[in-house]
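Work through the following exercises with the sequence and the coordinates open beside you. Each task sentence is followed by a solution that goes step by step.

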Amino acid sequence: MDVVFIFQWLDASALADFTKTWAGLFAAVQTVHILSMVMLCGMMMLGDLRMMNVILKGVPSEPIIENTKKWIYLALVLIILTGIYEASAIAMKLAYNSFFFAKMAGLSMGIIFMLSLRNAVYLRAPEEIGANGERSESVPVWVVKLVAFTSLLIWFTVAASGRWIGFS
Ligand code: HEM
């Protein structure tokens, strides 16, 4: 599907006029973009590394997963808003940049994975990992660890392709 028209529309928008006129603001917005990424990946890593039994082994997993959720959602909102702002300044460059498309695919995959498999499996972590008490419907330890590893891999790929846009 040809999506270049979306980038053409963004490039001709009032937002693009604004971002190109106020170039100094771009640096500030990019800083918020990167800080949001740090928050997003940091919170994600807290949960995933806990589920892999690497960090915070003595702490039950449930409060970690529950408490990191709202920060993950906030970081996602900030990163998408600042990302659109940045994209408007270089829309026509992004229209032909495969790392940008890889990043968008990774972002969509990461969100779907988090809302479906990650949430469902972490809620059913066996006591050995979760310290959540007896659970009749718990999933095997290796499944929890595989989900945690996959989640880390997806977000690492998204962040790496984001950085790569700047090089390409
Ligand atoms: C709708 C969502 C997003 C859009 C539209 C977007 C767009 C952009 C744009 C236009 C840039 C500037 C590229 C350049 O240097 O020329 C950028 C940089 C970057 N983005 Fe995103 N982004 C989004 C989400 C994300 C997410 C979810 C992550 C990480 C988990 C991320 C990580 C990065 C990184 C690491 C950079 C490079 C910053 C630098 O090198 O200074 N972005 N993004």
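**Exercise 1: F7 and its surroundings**

Task: decide whether F7 is buried or exposed, and find which residues F7 touches.

Solution. In this predicted model, F7 has 20 C-beta neighbours inside 10 Å and therefore counts as buried, since the cut-off for a buried residue is 20 or more. The next step is to place the residue, and F7 is found in helix α1, which covers residues 4–11. Leaving aside residues up to four places away in sequence, the contacts of F7 are A91, M92, L94 and A95. A distance along the backbone completes the step: F7 and I90 are 83 residues apart along the chain, while their C-alpha atoms are separated by 9.1 Å.

**Exercise 2: Y96 as a contrast**

Task: state where Y96 lies, and classify Y96 as buried or exposed.

Solution. Y96 belongs to the loop between α5 (91–94) and α6 (98–123). Because 11 other C-beta atoms lie within 10 Å, Y96 is exposed, the cut-off for that class being 12 or fewer. In sequence Y96 and V4 are 92 residues apart, yet in space the C-alpha to C-alpha distance is 8.2 Å.

**Exercise 3: The chain as a whole**

Task: establish how many helices and strands the chain has, and what share of its residues is buried.

Solution. Counting the elements gives eight helices and zero strands. Buried residues make up 27% of the 168 residues. The C-alpha atoms, taken along the principal axes, fill a box of roughly 60 × 35 × 25 Å. Finally, of the contacts with a separation of 6 or more, 76% are accounted for by residues 24 or more positions apart.

**Exercise 4: Helix α3**

Task: compare the expected span of α3 with the distance between its end C-alpha atoms, and find which elements its buried residues pack against.

Solution. At 1.5 Å a residue, the 29 residues of α3 should span 42 Å, and the end C-alpha atoms are 42 Å apart, so the two values agree. The buried residues of this helix are S36, M37, L40, M43, M44, G47, D48, R50 and M51. To read the spacing in such a list, recall that an α-helix has 3.6 residues a turn, so residues three or four places apart point the same way. The buried residues of α3 pack against α4, α6, α7 (127–130) and α8. Just after the helix, N53 takes a positive phi of about 60°.

**Exercise 5: The nonpolar cores**

Task: identify which residues make up the largest nonpolar core.

Solution. This core has ten residues in all, namely M37, L40, M43, M44, A75, I79, L107, I154, W155 and V158. At least two of its residues come from each of α3, α4 and α8, and α3 gives the most, with four residues. Apart from this core lies another, of nine residues, including M51, I64, Y122 and A125.

**Exercise 6: The shell around the ligand**

Task: determine which residues come nearest to the ligand, and which element supplies the largest share of the shell.

Solution. Among the 21 residues around the ligand, the nearest are G83, E86, G162, I165 and G166. The elements that give two or more residues to this shell are α3 (23–51), α4 (61–89) and α8 (141–167), and α8 supplies the largest share, seven residues. Sorted by class, the shell has 14 nonpolar, five polar and two charged residues.

Terms used: Residues are numbered from 1 along each chain as its sequence is written. This is a predicted model: local features need pLDDT of at least 70, side-chain atom pairs count only at pLDDT 80 or more; totals for chains, interfaces and linings use all residues. A residue is near a molecule or strand if its C-beta atom, placed from the backbone, lies within 6 Å of it. Ala, Val, Leu, Ile, Met, Phe, Trp, Tyr, Cys and Pro count as nonpolar, Asp, Glu, Lys and Arg as charged, and the others, Gly among them, as polar. Two residues are in contact if their C-beta atoms, placed from the backbone, lie within 7 Å. A nonpolar core is a set of buried Ala, Val, Leu, Ile, Met, Phe, Trp, Tyr and Cys residues joined through C-beta atoms within 7 Å. The expected span of a helix is 1.5 Å times one less than its number of residues.
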